[in-house]
Every structure is written in structure tokens, then in C-alpha cells.
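Subject: Structure handover

Hello,

Here is the structure I promised to pass on. Please have a look at it first, then read the notes below.

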Amino acid sequence: MAPPPTLFDEASAHLPLFDDLSDATVDRLAVGGFGRGLLTASLRARLRKGGFAHMGALALATPAGLMALRKVGPVRVGAIRAHILDELARFLPDVRAMHDRDTTDWRRLDRLRTVPVAALGLVPALIERFGSNGPSWGDLAALRRIEVARALGVSGAEVDGIVSALVRAVRRDPRSMPSPRTLREGDTPCGMDMGKTEAELLRERDREWDEAAPERRALSRHAN
């Protein structure tokens, strides 16, 4: 049985799969549709129905947002992340060193260690309890929900507030992330209309790549 998640794990579920991607990089992912291999036709249809029209949208998606879709769990989210990382590696140097899961987690925790207590906007009682000499917010993020509740004597709702504050602290980019429902098929994450014709071309490319890679498609079904 897996250990209970830490507050960092909970916060990470509400953070994008990839941090610090430029608009140009996201747009390039978007033009590629869903790419080739791994993602089955049924999963692509499910992603589109949920509002994720291409890899650009997936790169900005959160694990929680993806897992809200039917039959998309942690294993599929990990596979989607690896799929996007493979695509990024085709045109970005050193992308695996910069954006693999471990490096991304380390970078996010490092940000938390430098955020002042007051900047997180926590409830006053918690700011007063920790003060300026308390542990870093990186230390707090490493604790599990029950440990935080017991140590601080706070309610579950207040722990939820801490997790939300951690999410805000890690997301140093002030731009709001697009909601999956706003990323309709044919749109890029930057709001550029690719047009119905190009969307149809992307679907046709998906079908061609499916037919050209039956072994990988069968492997993906087996992983379901």
C-alpha cells in the first residue's frame, strides 16, 4: 500500500504537468496534435471530449484535471507526461534534465523554501503560529495531512487552505492557466484559432499514425 500523500503531493496534483514552458514551445506542441504512438484513439477521443485538444493543452493540464476524465488515473497521467517529454526532446536540448519529474519536483520545492510566510496568504492563526522562525514552507510541504493537523491543531479545511497556498506559491507565473473547458478543439493555449480544417488534419494524422504503429497501440491497450 502506498504511503499517504504529503502536502506537496496534494499540491502537485493541482499544478501543470510542465513548468516554465515558453508560449512558443506550447504552440509548437499544439500544432503537433497528440503526436504519434502511445495514446490510443479512445483516449484521444476522451481527452478531446474533456477539452484537451492537443499536446499543448496537455502540457498545461494538471494531474487532477486529467484524472477527472473517465478511465484516466495516475498511470495514464504518467504515460501522458512521458509522451509529452519525448515530444519536447525532439526540438528542445537538455529537456529531459530540465523537465523530468524529479527535477520538476526539486525545482518546485526549492521555490517553496524561499517564499516568505506572509506571501502565502494563510489564515492568520497559522502565520502567527509559525512566525518568522518557523520551518520553511518546503519543510511544511514534506509533511502529510494528518501530521500537519496534529502538529498545528487545525481543521481539515485549514489544511486545504495550506495546500492551496502551496499551489499559489509554486506557480510563480502570474498568468492564469486555461481551464480545460476553454481549450476547445482547434484552439491553441494562447487563444489562436487553428481553424476547423487544421483540426480535421490533426485527427487524420492521428489515424494514420495509429495504423502505422499497431504494436505500440496494442501495448497501450494492455497498459489500461
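Buried residues make up 44% of the 224 residues in the protein chain. Please keep in mind that this is a predicted model.

**The chain as a whole**

The protein chain has 14 helices and zero strands. Read from the N terminus, every element is therefore an α, from α1 through to α14. Of the contacts with a separation of 6 or more, 70% join residues 24 or more positions apart. The chain exposes about 12,300 Å², and carbon and sulfur atoms supply 55% of that area.

**Helix α6**

I spent some time on this helix. It covers residues 74-89, which is 16 residues. From the first C-alpha of α6 to its last, the reach is 22 Å, close to the 22 Å expected at 1.5 Å a residue.

Which residues of α6 are buried? They are R76, V77, I80, R81, H83, I84, L85, E87 and L88. Charged residue names such as R76, R81 and E87 appear in that list beside V77, I80 and L85. An α-helix has 3.6 residues a turn, so residues three or four places apart point the same way. You can follow that spacing from V77 to I80 and on to I84, which are buried in α6.

What do these buried residues pack against? The partners are α2 (23-31), α3 (41-49), α4 (55-60), α5 (63-67), α7 (95-99) and α8 (101-113).

Now the two ends. P74 sits in α6. At 63% relative accessibility, P74 is exposed, because the cut-off for that is over 50%. P74 and A64 are ten residues apart along the chain, and their C-alpha atoms are separated by 9.3 Å.

A89 also belongs to α6. Its relative accessibility is 31%, so A89 counts as partly exposed. Beyond its neighbours within four places in sequence, A89 is in contact with V95 and R96. A89 and H99 are ten residues apart in sequence, with 9.9 Å between their C-alpha atoms.

**Two nonpolar cores**

In soluble globular proteins, nonpolar side chains tend to be buried together. Here the largest nonpolar core has 26 residues. Within it, L47, L66 and I84 have the most contacts. The elements α2, α3, α4 and α6 each give two or more residues to this core. Apart from it lies another core, of 20 residues, among them A11, L152, V163 and V167.

L47 is a good place to start looking. Leaving out residues up to four places away in sequence, L47 touches F34, F52, L58, L66, L69 and I80.

Helix α2 has its own buried set: T25, V26, D27, L29 and A30. After α2 comes G33, whose phi is positive, near 65°.

**V148 in α11**

V148 lies in helix α11, residues 145-152. Is V148 buried or exposed? It is buried, with a relative accessible area of 1%. That counts as buried because the cut-off is under 20%. Not counting residues up to four places away in sequence, V148 touches L7, L140, L143, G153, V154, V159 and I162. V148 and I162 are 14 residues apart along the chain, and their C-alpha atoms are separated by 9.6 Å.

**How α8 meets α12**

Two packed helices are described by the angle between their axes and the distance between the axes. For α8 and helix α12 (residues 156-170), the angle is about 105° and the axes are 9 Å apart. The two helices are therefore roughly perpendicular to each other. On the α8 side, R108, R111 and L112 make the contact. On the α12 side, L166, A169 and V170 do so.

**Two loop residues to check**

K71 lies in the loop between α5 and α6. K71 has a positive phi of about 65°, although it is not a glycine. At 58% relative accessibility, K71 counts as exposed.

D94 is in the loop between α6 and α7. D94 has a positive phi of about 60°, and it is not a glycine either. D94 is exposed, with a relative accessible area of 62%.

Best wishes

Definitions and conventions:
Residues are numbered from 1 along each chain as its sequence is written. This is a predicted model: local features need pLDDT of at least 70, side-chain atom pairs count only at pLDDT 80 or more; totals for chains, interfaces and linings use all residues. Side-chain values use heavy atoms; hydrogens and water are left out. Helices (H or I, at least four residues) and strands (E, at least two) are DSSP runs, numbered from the N terminus. Buried means under 20% relative accessible area, exposed over 50%, partly exposed in between (1.4 Å probe, protein chains only). Contact means heavy atoms within 4.5 Å. Accessible areas come from the Shrake-Rupley method with a 1.4 Å probe; for residues, only the protein chains shown count as cover. The expected span of a helix is 1.5 Å times one less than its number of residues. A nonpolar core is a set of buried Ala, Val, Leu, Ile, Met, Phe, Trp, Tyr and Cys residues joined through side-chain atoms within 4.5 Å. Axes are lines fitted to C-alpha atoms, for helices over the stretch in contact, and angles run from 0 to 180 degrees between N-to-C directions. Angles under 35 degrees count as roughly parallel, over 145 as roughly antiparallel, 65 to 115 as roughly perpendicular and the rest as oblique.
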